[in-house]
Structures are given as C-alpha cells and as structure tokens.
Amino acid sequence: METGSLRSELKITSWTILLFFLLFFSSISSTEAYDSLDPNGNITIKWDIMQWTPDGYVAVVTMYNFQQYRHIQAPGWTLGWKWAKKEVIWSMVGAQTTEQGDCSKFKGNIPHCCKRDPTVVDLLPGTPYNMQIANCCKGGVINSWVQDPSNAASAFQVSVGVAGTTNKTVRVPKNFTLNAPGPGYTCGQATIVKPTKFITQDGRRTTQALMTWNVTCTYSQFLSQKTPTCCVSLSSFYNETIVDCPTCACGCQNNITQPGSCVEGDSPYLASVVNGPGKKSFTPLVQCTSHMCPIRVHWHVKLNYKEYWRIKISITNFNYRMNYTQWNLVVQHPNLDNVTQIFSFNYKSLTPYSATINDTAMLWGVKYYNDLLMEAGPLGNVQSEILFRKDMSTFTFEKGWAFPRRIYFNGDNCVMPPPDAYPWLPNASPSLIASLIPPLMVFCAVLAYLLGYLY
C-alpha cells in the first residue's frame, strides 16, 4: 500500500512539474508581441465592402500603422490570406497579386488571381493614375504614426467574384499573414465590426460601407530577427574609456562556416562583393566588426555646465546594402523630462506608462537634411546633440546614471553594454590624496600661527 501511494504521489508531482513548465513557456510566447514602450501599437487591416456585384463585391482594403515608431521600409509589405470559399479576384487597383494561379476553368474574362491563398503587394511609385487609389503605390512603404501620420496608411481596391452578394452570404477570409518585409507580424482572426463611415469633402454628407471587418497584426522582434540588429556604445568626458558594443552582439565573424558574412571596410574587393549576389534580395552585408551589428548607436556624455549638461548621439550604418529612409530612435532616460534643446533631430516625447512619467523620447531626422541614413561608408552616419537641464534632486554622473536605459532603432531593441562596463567617475586615487597632504599641512601650520598671533 505504501509503495502504491508513493508511486501515485510521484506521478502527481511529475504531472504538476510538467504543467508548471507548460504554463511558464506558454506565458512567454504569449507576451512576445508586447512592446512596453508602445503597448497599443499594431497594424490594423480594415476591409470595407463598398458595393455588391452580380457574383461578389468590390472592397477597399486599408492598412493603418498605429505603431508610434515602427514603420515598414523597402521593399515593403506583403499581405496574404486564405479564402473561406472558392472566391477569385477579378481585378485590383493600387496593388497586385504576385501569382495568378490556375484560371483554366474560366472562359472569356480571366480573373486577376484564382489562387486559394493569394499574396498581394503594393504597386510602385509612378504607377499610371488610372491604376491608383488614395494611399496606394508607395512600394509597400508605410511610415510610423508619430513620425509621419499622413503616410501611415496603405490601401488598395479589390473586386472579388464567386463570393456572397449579401451581408449574410459573404464569408470573411482567414489565416491573414503580413510580412513587412520579412516575418515579425502575427495577425489575428478577421472580426466583423460596425461599417466604416465616410464624410464627404464638404463635410455635409456621411456615407458608410456595406460591410466591414478588421484584422489586427502585432509585431514581435523575436519572430522578426534571429539576432539583434543594433547595439549601443558609450563614452564620456570624465573617463577615457570607450565602451564598445558587446562582442558578438548581433552575431560573430565566422568566415569558415559562413564565408562572406562580412567584409572589411578597406578591402580592395569591396565594390564587387557589395554588388554581387544578394544585392536585390536586401540580404545584409555588414562591415566586419567585433559586434557584427548593422547599426551602432553611440552615446557620448560631452559637457557639464552649472545648470545643464550635454550629450552627443551618433548613429553609424555598417550595412553596405541598406539605406535607412525615415529612420528613428527611441531613447529612455530619466532626464528626458527636462530637454532644453535638440540640434538637427526632430523630437517627440512618448509617455507609454502614464502622463506623469516622461522618460521616453522619439528622435528622427530632419526632412531633406538627415532623414536618410546612407549605406556603410563615409556618409553612413548621422549625429546630433541634446542639451538637458539638471534636476538637482536626481542628477548625478555616478553609477552610469548619465547613460540611457534603453535605445530602439527603427522599433528594434538595441543591445546595451553590461552596466558594470559603463564609464564611471574616477575614484580618488592614493597618489591624489598624498599630493593633497603637504598643502594641507602648510595650511594648518599657517592657521595655527595666525591663531597664536591673535591670542
């Protein structure tokens, strides 16, 4: 009896441990797409049916980027889904599918796409006007909501056939996918919502869609990149130490198993390697460094005044195959609640936690001046300086307080050096103390003489 009860207890215990690990790892995966600095950020796909046709409908599909600082850069977005029935796409305006599929059963008019799971891409700038609609034809590029709200959406029109012709017979597509341009976004199920309302330009009339459904897609850096894409280095005026990015922060040099993973900046074969295979696929080709990151952000504590202090931020591109258009930084530091002046960068305060905590800011380039971060090379960097006003109750140069808590580049969290490697204030050395003893002894002797003379 005792042996049997012991076995049952061990069995229960093992099942409890297994359940604990399952719950633990499921909780990790469920929070992968959560960004604490932009907790409500997402891309919302709105599908508005504007009119019915004899065998289906015409819809306008709009993607809204509600992320404050994360944008979609070239080569742009790719949207996919799976039809619920046997729908086809008769025609599109402002976008196109990448494949037509098998349309052999149709005679006369041939559909634009007959695939059960179509993949759609945006049209390029310069598309003829008769093939455009509003917010289309930008090569799939969508800017972030804070940086450029007027270009934070992309749209196209699609005519769907062999589908329902009423609100009750239409079936919403499923299995939505969004690549921007690679993986990273996870899309939920399509949800039928109240029809979208539209106000005419004169503001005197309101119309509405016949039917609307939404799809919400959230971003995860873990799904987007196997390794980080940026790192942070630090320096200061009060310490000669320059803390470089952590070694192998974005990967390690390994030309034995991965030949051509990086290239030396002074290599005589640089031009041929950069223009070689992989150029059109946007495959990163980075300069050989100890950190192997495409982007390095350097934070330098530059000057100290009586009531102010100044830092310099430099962003360097080590990727020979990427120009970063509409780049941005997100910086977290406690003194960002008291910014006095920013030179040559745009600035906006972010308050992800509450309106009373103002320790996060978004920085980006000035249009036509430094909003384009060029590929690796002599022009592959941008820089600016920030002047802070001191809050004497919190300000200090001790224990690395002057350095940022977190930095994001284009929405991806950058690798910071370990805190114990930060440039610290130099301690008073024994030689410094010994050098102060003789003057102190002379001062005391003079003081004693004067006191004796007076009394």
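# Close-up views of a predicted model

**Figure 1. The largest nonpolar core is centred here on Leu329 and Phe409, the members that touch the most others.** The core holds 37 residues. Seven named strands each give two or more residues to this core: β14 (230-236), β18 (295-304), β19 (308-317), β21 (328-332), β24 (360-365), β26 (381-389) and β27 (406-409). The structure is a predicted model. In soluble globular proteins, nonpolar side chains tend to be buried together.

**Figure 2. Contacts of Leu329 beyond its sequence neighbours.** Residues within four places in sequence are set aside. What remains includes Val297, Ile313 and Ile315. Ala361, Met362 and Leu363 also touch Leu329. Ile407, Tyr408 and Phe409 complete the list. Apart from this core lies another, of 35 residues. Ile49, Met63, Ile89 and Val158 are among its members.

**Figure 3. The whole chain, for orientation, has four helices and 28 strands.** The chain has 455 residues, and 42% of them count as buried. Consider contacts between residues at least 6 apart in sequence: 71% of these join residues at least 24 apart. The exposed area is about 25500 Å². Carbon and sulfur atoms supply 58% of that area.

**Figure 4. The disulfide of Cys103 and Cys114 is one of eight found in the whole structure.** The two sulfur atoms lie 2.0 Å apart. The link is right-handed, with 115° about the S-S bond. Cys103 and Cys114 both lie in the loop between β5 (95-97) and β6 (119-122), so the bond ties together parts 11 residues apart in sequence. Both cysteines are buried. Why does Cys113 not bond to the closest cysteine sulfur? That sulfur belongs to Cys114 and is 6.6 Å from the sulfur of Cys113, too far for a bond. Cys113 is buried, with a relative accessible area of 1%.

**Figure 5. A disulfide joins Cys187 to Cys217.** The S to S distance is 2.1 Å. The torsion about the S-S bond is about 100°, so this disulfide is right-handed. Cys187 lies in strand β9 (residues 185-187) and Cys217 in strand β13 (residues 211-219), so the pair ties together parts 30 residues apart in sequence. Cys187 counts as buried at 17% relative accessibility. Cys217 is buried, with a relative accessible area of 0%.

**Figure 6. A disulfide joins Cys231 to Cys245.** Here the sulfur atoms are 2.1 Å apart. The link is right-handed, because the S-S torsion is about 80°. Cys231 sits in strand β14, while Cys245 sits in the loop between β15 (239-243) and β16 (262-263), so the bond connects parts 14 residues apart in sequence. Strand β14 also gives two or more residues to the largest nonpolar core. Cys231 is buried at 0% relative accessibility. Cys245 is buried too, with a relative accessible area of 4%.

**Figure 7. Lys302, Arg310 and Glu385 are linked in a network of salt bridges.** Side chains of opposite charge can pair when their charged atoms come close. Lys302 meets Glu385 at 2.5 Å, N to O. That pair links strand β18, which holds Lys302, to strand β26, which holds Glu385, across 83 residues. Glu385 also meets Arg310, at 2.7 Å, N to O. Arg310 belongs to strand β19, and this second pair is 75 residues apart. Which partners are buried? Both Glu385 and Arg310 are. For Glu385 the relative accessible area is 14%, under the 20% cut-off. Lys302 is partly exposed, at 31%.

**Figure 8. Glu307 and Arg389 meet in a salt bridge, in a structure that holds five.** The N to O distance is 3.5 Å. Glu307 lies in the loop between β18 and β19, and Arg389 lies in strand β26, so the pair ties together parts 82 residues apart in sequence. Glu307 is partly exposed, with a relative accessible area of 37%. Arg389 counts as partly exposed at 33% relative accessibility.

Methods:
Residues are numbered from 1 along each chain as its sequence is written. This is a predicted model: local features need pLDDT of at least 70, side-chain atom pairs count only at pLDDT 80 or more; totals for chains, interfaces and linings use all residues. Side-chain values use heavy atoms; hydrogens and water are left out. A nonpolar core is a set of buried Ala, Val, Leu, Ile, Met, Phe, Trp, Tyr and Cys residues joined through side-chain atoms within 4.5 Å. Buried means under 20% relative accessible area, exposed over 50%, partly exposed in between (1.4 Å probe, protein chains only). Contact means heavy atoms within 4.5 Å. Accessible areas come from the Shrake-Rupley method with a 1.4 Å probe; for residues, only the protein chains shown count as cover. A disulfide is a pair of cysteine sulfur atoms within 2.5 Å. A salt bridge is a side-chain nitrogen of Lys or Arg within 4 Å of a carboxyl oxygen of Asp or Glu.
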